[in-house]
Amino acid sequence: MTQANATATSRPLIEIQNVYKQYNTGVIAVSDMSLDIKDGQFVSFLGPSGCGKSTALRMIAGLAEVSAGKILVNGHEPGNAAGPQDIGFVFQEPTLMPWATVFDNVYLPLRLGGISRKDAAPRVEEVLSQVGLSKFADAYPRELSGGMKMRVSIARAVVTKPRLLLMDEPFAALDEMTRFKLNNDVLRLWQENGLTVIFVTHSVYESVYLSNRVVVMAARPGRVVADIAIPGTYPRAENFRTTPEYNDSCKMVADALNATLGSDDIDH
Ligand SMILES: Nc1ncnc2c1ncn2[C@@H]1O[C@H](COP(=O)(O)OP(=O)(O)OP(=O)(O)O)[C@@H](O)[C@H]1O
């Protein structure tokens, strides 16, 4: 097991200490998970269906409670003193308001924070430009492709300038070319905005392309089985996906993932 080097500082941004999650159906979704994530890291949670990736992400966001153990985000329990502005969340579905324009969908979190449309406009425009949608501010979701809808969803998640961005399989439903483009866009947003990102995925290749650290999880009970540092510089070179370095990392991560799959342990 290897631990990725942090990009910065002393106290981890996220501290997960001996966390368990048991749903009231009796399922143990996460068992004894301990993990520190430093400010500025790009970390993927990778694992088979049902290994507790989404549950872990939701607990970090404060959207699900831990059954035992402790999670601290920036020294505070999530969903509590960390403050709503500190965390952006992107779901697998873009979940846009169909009756509202792109601008108004992205404006929503600022509106909920009591900021007027006029005062919010420069920030909304800035973030739309960062995701390449400046020209679509007045469009409605039904006019957009799947990839564009996901860009709106990402813009909405970062418009409040969160320190932490949580992404739950955001590109699973997209075609490969769109996914590759969005991978690069997310990396650019991460770098330009000094974000810390936790990205849930089923894809070995996607996790290695994006991350400087891949946390591999196994199911029944959901647990961390490997924590792998990914070498390589950012921005990713155009040929990164064909380099021996990338292939070596993919093999290491795939081996760790395969070791989690017993013959009676596949439910997808
Ligand atoms: N709200 C819930 N109530 C009861 N059980 C749940 C709930 N949410 C998840 N589970 C169960 O907890 C386990 C972990 O689920 P979770 O969605 O966290 O895994 P995952 O790794 O994200 O899976 P996937 O990749 O399929 O989304 C699974 O067995 C799932 O059925």
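Reader: How do the residues of the shell around the ligand divide by polarity?

Author: There are 4 nonpolar, 8 polar and 1 charged. Nonpolar covers Ala, Val, Leu, Ile, Met, Phe, Trp, Tyr, Cys and Pro; charged covers Asp, Glu, Lys and Arg; the others, Gly among them, count as polar. The model is predicted: local features need pLDDT of at least 70, side-chain atom pairs count only at pLDDT 80 or more, and totals for chains, interfaces and linings use all residues. Residues are numbered from 1 along each chain as its sequence is written.

Reader: Which residues come nearest to the ligand?

Author: Tyr 23, Ala 29, Ser 49, Ser 54 and Thr 55, out of 13 around the ligand. A residue is near if its C-beta atom, placed from the backbone, lies within 6 Å.

Reader: Which element gives the largest share of the shell?

Author: Helix α1, residues 53–61, with 3 residues. Helices are DSSP runs of H or I, at least four residues; strands are runs of E, at least two; both are numbered from the N terminus.

Reader: What makes Gln 22 partly exposed?

Author: Gln 22 has 15 other C-beta atoms within 10 Å. Buried needs 20 or more within 10 Å, exposed 12 or fewer, and partly exposed is in between. Gln 22 therefore counts as partly exposed.

Reader: Where is Gln 22, and what does Gln 22 touch?

Author: Gln 22 lies in strand β1, residues 14–22. Leaving out residues up to four places away in sequence, Gln 22 touches Val 27, Ile 28 and Ser 67. Contact means C-beta atoms within 7 Å. Ser 203 is 181 residues from Gln 22 in sequence and 26 Å away in space, C-alpha to C-alpha.

Reader: How do you know that β1 and β4 pair?

Author: Pairing takes at least two DSSP bridges. β1 and β4 have 5, and run antiparallel. At one of them, Gln 17 has Lys 70 in β4 as its bridge partner. So β1 and β4 count as paired.

Reader: What is the strand order in the sheet of 3 strands?

Author: The order is β2-β1-β4, in an open sheet with antiparallel pairing. What makes β2 (28–37) and β4 (68–73) edge strands is that each pairs on one side only.

Reader: What is the order in the sheet of 6 strands?

Author: β5-β6-β7-β3-β8-β9, open, with mixed pairing. β5 (87–90) and β9 (223–229) are the edge strands.

Reader: How do β3 and β7 pair, parallel or antiparallel?

Author: Parallel, over 5 bridges, between residues 42–46 of β3 and residues 196–201 of β7. Leu 46 has Thr 201 in β7 as its bridge partner.

Terms used. Contact = placed C-beta atoms within 7 Å.
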